[in-house]
Amino acid sequence: MKASRLAFDAAVIAALLTMPFWMAAVGGYTELATRVVVMGLAAMSLNFLLGYTGVLSFGHAAYFGLGGYGAAMAIKYLDWGALPAMALGVAVATLAAITIGALIVRRRGVYFAMVTIAFGQVFYFIAFRWNDMTGGDDGLTGWRRPPIEFGPWKLDIVNDDKSFYYFALVIMLISAAAMARLINSPLGRSLIAIRENERRARFLGVAVERRIWLSFVISCFFVSIAGGLYALLNNFIDPRALRFDLSGNLVIMALMGGMRSFWGPLFGAAIFVVLQDYLSSRTENWMFLIGLVFVLVVRFFPRGLLGVLWRGSAA
Amino acid sequence: MSQLILFNVFNGLIVGAFYALMALGLSLILNLSGVINFAHGAFLALGAYLAYTLIPYIGFWGALVLSPILTGIFGLAVERVLIRPLYGGDPLYSLLLTFGLAYMMQDAIKYIWGAQSLPFQAPAWLMKSLSSQYFFLTGYRMFMMLIVALAVAALFGVLGYTRLGIRIRAGTRDLETVSTLGVNTRLLRSLNFGLGVYIAGLAGVLAAGLLGLAPTIGDNLIMPSFVAIIVGGLGSLVGTLLGGLLIGVVSGVTAVFFPSATEAVIYVMMGLVLLVRPRGLLGEEGRVH
């Protein structure tokens, strides 16, 4: 079992490393591959909370968007490099998650979902209304991602799509490795214990509220990294990156790929992103079809792709 | 200045009445079935568009009666086919399903009636202003408040004094016991869902007369309805009602002093409520979920 797991990890990473080269052969393009990686990271981050802690957050777009806006504004107004700009976005989003997390950790189930989604809207309206700084509804334009420079070594992510893909992939893989590490740590085990039986975990001395808070903050931390990458990818960000429909899309990605498997959300994101790209190029009514995907997945496929594949094995 | 504030308080009450009406429907469904009906805004839009189509045939008043009923029937069908199989499961599933349903309904409405906004004709005599000094007191607004008040009174009447209402309230407390006592809880949940959607449809017709018709008409109302439920206190319908009116007024008054925070202020308020009084204004002790 262990060996097949490692083989699977290796296969996923190999597929990711070579994606720009076979994406064109299957009708895609490099930017689409980058979007898969970015949204995959976002969905995996959400799944840290959703799948591994069993807490239903429906407001992760807020932290995704904060990460994006933070990075975009640091580049546009402060002329920062790509990495420091992303770090600023992540810091802002994490701070927001710490504050809001403290207010909501006592909620459970649907109520947690309702509160997270409602709070997410604050940032949407700030971005929407604060025209001078955020560009309002039109989004923040007039900036481009700067190249990455370490002394003499320079990575041209500006004009070369493939370089940016690998830049995003490296960040995504580091984040994924960090999350895997956390899941396998005592902290991660206690989160899984909370998911499986909250009352029992509490009796065993796990500080449930504090752990959920921590898990929420960690999850938002990683999702804001994805948000920063997303802004850099598009050289643009608008309030839709903060809105609740994106939160819902992230949840369906996680579910579609399989919430109980580590790479599941990445697969879900890949399916979702490619499907959305394909449908929106084919028909004006792609929203209907995306909605139909939600309904069909929930009704007939609730374990997700990897959930079905790993059935029987101790996934 | 004072007139401006009065205007905004009044406006806030009207908007708050919509929030409350919408939130009451959501609350009914949430309390009994544990389902957050994300498609509630889409049901509201459906009610509004059905009324638009019906008005040429049966007039405004006929549409006001018939359209919410049709919306409610559609809601019953949706509950039967899509939502019922999910009861008792992880709330994640019903949330995602209604989320997808909202996408589908909104796009279908766009497909059938077009994406651009449409004019909606309420009777002309209702649209006149009642007072030259208080220009904002149009007949339609007063009429709307009246209908909302009647609808809320009727809802509380049904819940308080009819067999169905008593069963719904009992089921909210303990559905299993209600079932053991011989009540068909499947039917109960269906009717309750239909009732909630009916209210959304009614809110849709009224909103269309005030805001005009656009496929996204429900979008701006659903989030504040969540806030209304949380501020008012989970499990309390009176709380939901108060919560809706309160956030409407707060948002209206904020529009005077700090217009760009009109929408954001209600979420700040929700944060304060969660901080100071986590169970909400009228939420019951021990029901902090």
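Me: A residue is buried if 20 or more other C-beta atoms, placed from the backbone, lie within 10 Å of its own, exposed if 12 or fewer, and partly exposed in between. Which class does Val65(B) fall into, and why?

Reply: This is a predicted model, in which local features need pLDDT (the predictor's confidence in each residue, from 0 to 100) of at least 70 and side-chain atom pairs count only at 80 or more, while totals for chains, interfaces and linings use all residues. Residues are numbered from 1 along each chain as its sequence is written, with chains lettered from A and ligands numbered from 1 in written order. Val65(B) has 14 C-beta neighbours inside 10 Å, which lies between the two limits, and therefore counts as partly exposed. Its place is in helix 2 of chain B, where helices (H or I, at least four residues) and strands (E, at least two) are DSSP runs numbered from the N terminus. From Val65(B) to Leu101(B) there are 36 residues in sequence and 25 Å in space, C-alpha to C-alpha.

Me: How do you know how far to trust helix 2 of chain B?

Reply: Among the elements of chain B, helix 2 (residues 40–83) has the highest mean pLDDT, 94, whereas helix 4 (residues 124–127) has the lowest, 70. Chain B as a whole averages 87, and 94% of its residues reach 70 or more. Where pLDDT is low, the predicted coordinates should not be read in detail. For the model, the scores are ipTM 0.88 and pTM 0.91.

Me: Why is chain A called as compact as a globular protein of its length?

Reply: The radius of gyration, taken over C-alpha atoms, is set against the globule rule, 2.2 Å times the number of residues to the power 0.38. For the 315 residues of chain A the rule gives 20 Å, and the chain comes to 19 Å, which is close, so the description holds. Its C-alpha trace spans about 55 × 45 × 45 Å along the principal axes, its secondary structure consists of 14 helices and two strands, and 51% of its residues count as buried.

Me: What makes helix 11 of chain A mostly covered, and how does its length compare with the expected one?

Reply: Of the 14 residues of helix 11 of chain A, 13 are buried. The helix reaches 20 Å from its first C-alpha to its last, close to the expected 20 Å, a span given by 1.5 Å times one less than the number of residues. Just after helix 11, Gly258(A) takes a positive phi of about 120°. Helix 7 (residues 161–183) of chain A, with 23 residues, reaches 32 Å, close to the 33 Å expected, and its buried residues include Phe164(A), Tyr165(A) and Met179(A).

Me: What makes the surroundings of Ala118(A) part of a nonpolar core?

Reply: A nonpolar core is a set of buried Ala, Val, Leu, Ile, Met, Phe, Trp, Tyr and Cys residues joined through C-beta atoms within 7 Å. The largest one has 206 residues, and Ala118(A), Met22(B), Ala48(B) and Val227(B) are those with the most contacts inside it. Its largest share, 16 residues, comes from helix 5 of chain A. Ala118(A) touches residues of chain B, including Met223(B), Phe226(B), Val227(B) and Tyr267(B), two residues being in contact if their C-beta atoms, placed from the backbone, lie within 7 Å.

Me: Which helix of chain A gives the most to the side that touches chain B?

Reply: The contact takes 36 residues from chain A and 35 from chain B. Helix 5 of chain A gives the most to its side, with 14 residues.

Terms used
Lists of a residue's contacts leave out its neighbours within four places in sequence.
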